[in-house]
Amino acid sequence: MDITVAVDAMGGDHGTHVTVPAALRFLDDHPDVNIVLVGMPDAIEAELKARRRTLGPRLRVQPASEVVTMDEAPQSALKNKKDSSMRVAINLVKTGGANACVSAGNTGALMATARFVLKTIKGIDRPAIAKMLPTRKNTYSCVLDLGANVDCTPQHLVQFAIMGAMLVSATRQQARPSVGLLNIGEEEIKGNEVVKEAAELLRRSNLNFHGNVEGDDIYAGTVDVIVADGFTGNVALKTSEGLAKMIAEQLREEFLRNWWSRLLAGLAWPVLSRFKKRVDPRRYNGASLLGLNGIVVKSHGGADRMAFYWALSQAVDEARAGVTQRIAEQVQQELELLAAQPEVGAVSPDTPLA
């Protein structure tokens, strides 16, 4: 089945200088994918001309007269820029003109616009941002939410767990992905009341709930899906990104310290090159906005061409796997299961009150 991706060509720090070349390379590598470049035609056509490429059956332009800036308030973008490249691209998903949308634009505006245009899946209160992160086991951990929802109820965390599990199941071909709840300890007594109640709900669900996990489990590969509220998840992600940058910078400083360390660096270059490729954050670019009636993938705003290429790959994988439908079906199953059970904390008639 051919997949069509709507690309917000104007979004991100670099706009068409990154999005268009990445899309062209992706087209060359994937003959069953079509691309719609959304944005200002003159800017897009200038990039195509510079690369001696032309439009055709698999590559077309959808005009949009406005651009959402990276620092623009989400409500302003939603209200005042109805013909932005971001919104037009998302509209293509809604109308069936595309199977997925990819944008490197303003995260808040993208989430607000996608939620307004596509609406959430029945049974999902709030969309969540999910990202695949590498682990020491050469596998991936799907972590969500990464910033869309700062304050969450136990029910929200359960919904995140369902969405993350279905994403992994669909795109990684895992029948029952394991789910962990990010906490300050593995013990059931740890955490605030929201986390404790969410854990109880997850134990009663059909999901493969592992239990509580800690921050170091994200990269250990302990579970396939790690669930947190957006505040905690975003702090964990940004902390790990900062640590990775610090390690890379300090390694470089040490290898360049003197002629002897430079020589050692040359000898170690094959190992360092493989290590760099293995942990290259560009290969994990692309965060999914889960819970919407359509596939939307957020690329990092500062992504280069390689990183944006991987965001396109994430979108295509989700479209092929039918992630949206999988989430909708699983949500309904879990809602029916939980509705048939007593509420968490309910007192049984046989339970003494004192």
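At a relative accessibility of 0%, C101 counts as buried, the term denoting under 20% relative accessible area, with exposed meaning over 50% and partly exposed in between (1.4 Å probe, protein chains only). The model is predicted: local features require pLDDT of at least 70 and side-chain atom pairs pLDDT 80 or more, whereas totals for chains, interfaces and linings use all residues. Residues are numbered from 1 along each chain as its sequence is written, and side-chain values use heavy atoms, with hydrogens and water left out.

The structure holds 0 disulfides, a disulfide being a pair of cysteine sulfur atoms within 2.5 Å. For C101, the nearest cysteine sulfur, that of C142, is 19 Å away. C152 is likewise buried, at 14%; its sulfur is 15 Å from that of C142, the closest, and therefore too far for a bond.

The largest nonpolar core (buried Ala, Val, Leu, Ile, Met, Phe, Trp, Tyr and Cys residues joined through side-chain atoms within 4.5 Å) has 35 residues, and V38, I90, L118, I226, L289 and V296 have the most contacts inside it. Not counting residues up to four places away in sequence, V296 touches C101 and L118, among others, a contact being heavy atoms within 4.5 Å. Another core, of 34 residues, lies apart and includes I121 and V323.

In helix α2 (residues 41–50), I44, E47 and L48 are buried; helices are DSSP runs (H or I, at least four residues) and strands likewise (E, at least two), numbered from the N terminus. These buried residues fall within an arc of 100°, taken from the directions from the helix axis to the C-beta atoms, and so line one face of α2. They pack against α1 (16–29), β2 and β3 (59–63), while the face turned away carries the exposed residues D42, K49 and A50.
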